[in-house]
Amino acid sequence: MSGKNLERADLLQIYHFMRLTRAMEDRTRTLFLQGKVVGGVYTAQGHEATTVGAAMTLGNGDFIVPQHRDLGMHMVRGTSPRAVMCQWLARGNAPTLGRDGQIHIGDMHHGIVPMISLLGESLPVACGVALTMKMRKRPTVVLASCGDGATNTGPFHEAVNFASVQKLPLVFIIENNGYAYSTPTYKQFAVQNLSERAKAYDIPGETVDGNDVLAVVEAVGKAVERARGGNGPSIVECKTFRVRGHSEADKADYVPKELRDEWLAKDPIKRFEAYLKNEQVLTDATKAEIEAKVKAIVDDAVRFAENSPAPDATTVADYVFAPDGPIAIVGEPGADNSRYINALDRRINQPFSTISKAEEAVGR
Ligand SMILES: Cc1ncc(C[n+]2csc(CCOP(=O)(O)OP(=O)(O)O)c2C)c(N)n1
């Protein structure tokens, strides 16, 4: 999908996902204030054009490797709103079975690789997925995102370098939202735009207005096409702003009021809505229809999560420790005496089970 050839239905779908993302987060904040959310709430009001726009450029068989502000990408790729609400309310039937209250979740069937909470660490994993697909000669693109703060970690640079050397079908989205927790960008790096970092790895880098969804679709769409064509990775920096705190526990009083007001005036949903009205794509009736649909989805997800059971305390150690069992000792009967390198080699030449399942699911 490229910004220039969007049909009416595409535009309305983008609007729907932006509204859904905002509504899911707004409702979560209410639940948090009611004391129903277990743990912190990390939202991304202001990021919707970036997250929804970027994900809309992908095709069915592609992968995303999202970060903690990427609910919009999850919504577009098909993570169930019920599953997200069960995560936030830490229910026993949530994807992490109540062990984590965030969107550190994934579903390989929908091409969603779960986030690793340590900043930057998901990016080498994205390289692994892209390399696998390249070795299998699949026309798959992997879209990996991170914040401005995460670009200062070692794994970010290792991943971009590796992706460049291997010409991987990868697009790195940098969501530059002005702050890494309370640290403003000017205290994090000396470059003007984070896309300049692409030069060091000899790949294209572009900076776009991350609050303009059509600009995001255009820039990311181009990078996705480039990756799919076998021309390697790119960086797209989306400049946006986190208008709320790092989490709901953070009042963010380190952000000057004028700066927040300036970005609130550039709200990505209001801007897109004005554009759609001007283009006569969004009428009052269509807007009301979308609002009702979004409300029904969120109501259903909340109802489902509130009626879901709490985690069963007796299962607390499940999936945390390896099950008891015999440990094979090298040299003893029944043990695999392969050298580590041969075992790895054997594994690499076998299909990766999770990725194979995902491929099956998307009918490749
Ligand atoms: C290696 C590492 N250091 C610190 C943290 C704690 N932490 C989580 S999010 C965050 C801020 C990240 O800033 P940025 O990458 O700019 O993303 P943003 O939250 O602004 O979207 C921090 C410090 C972490 N998860 N991993």
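**Exercise 1.** Classify the lining of the largest cavity in this predicted model, then locate the cavity.

*Solution.* Step 1: sort by class. The lining of the largest cavity has seven nonpolar, six polar and one charged residues. Step 2: find the centre. Of the 14 lining residues, those closest to the centre of the largest cavity are Gln67, Met115, Leu119, Gly120 and Ser145. Step 3: look for the main contributor. Strand 2, residues 142-147, gives the most to this lining, with three residues. Step 4: state the volume. The largest cavity holds about 80 Å³ of space.

**Exercise 2.** How many cavities of 30 Å³ or more does the structure hold, and what lines the second largest?

*Solution.* Step 1: count. There are two cavities of 30 Å³ or more. Step 2: take the second largest. About 40 Å³ of space lies in it. Step 3: list its lining. Arg22, Gln45, Gly46, Asn211, Val243, Trp263, Leu264, Asp267 and Pro268 line the second largest cavity. Step 4: sort them. Four are nonpolar, three polar and two charged.

**Exercise 3.** Describe the site of the ligand and its polar contacts.

*Solution.* Step 1: place the ligand. The space it takes is the largest pocket. Step 2: describe the shell. Of the 14 residues around the ligand, the closest are His68, Arg69, Ser117, Gly149 and Tyr179. The shell divides into six nonpolar, six polar and two charged residues. Step 3: apply the 3.5 Å cut-off for polar contacts. Ligand oxygen atoms lie 2.8 Å from a side-chain N or O atom of His68, 2.9 Å from one of Arg69 and 3.1 Å from one of Asp148. Step 4: give the cover. The protein covers 72% of the 580 Å² of accessible area that the ligand has on its own.

Technical notes:
Residues are numbered from 1 along each chain as its sequence is written. This is a predicted model: local features need pLDDT of at least 70, side-chain atom pairs count only at pLDDT 80 or more; totals for chains, interfaces and linings use all residues. Side-chain values use heavy atoms; hydrogens and water are left out. A residue is near a molecule or strand if one of its heavy atoms lies within 4 Å of it. A polar contact is a pair of N or O atoms within 3.5 Å; within protein, one must be able to donate a hydrogen and the other to accept it, and residues adjacent in sequence count only if both atoms are side-chain atoms. Accessible areas come from the Shrake-Rupley method with a 1.4 Å probe; for residues, only the protein chains shown count as cover. On a 1 Å grid over the protein atoms alone, a cavity is a set of points where a 1.4 Å probe fits but cannot get out, and a pocket is an open set with protein on both sides within 12 Å along at least five of seven lines; lining residues have an atom within 4 Å of a point. A molecule sits in a cavity or pocket if more than half of its atoms lie within 2 Å of its grid points. Ala, Val, Leu, Ile, Met, Phe, Trp, Tyr, Cys and Pro count as nonpolar, Asp, Glu, Lys and Arg as charged, and the others, Gly among them, as polar. Grid points are joined across faces, edges and corners, and a volume is the space filled by probe spheres set on the points. Helices (H or I, at least four residues) and strands (E, at least two) are DSSP runs, numbered from the N terminus.
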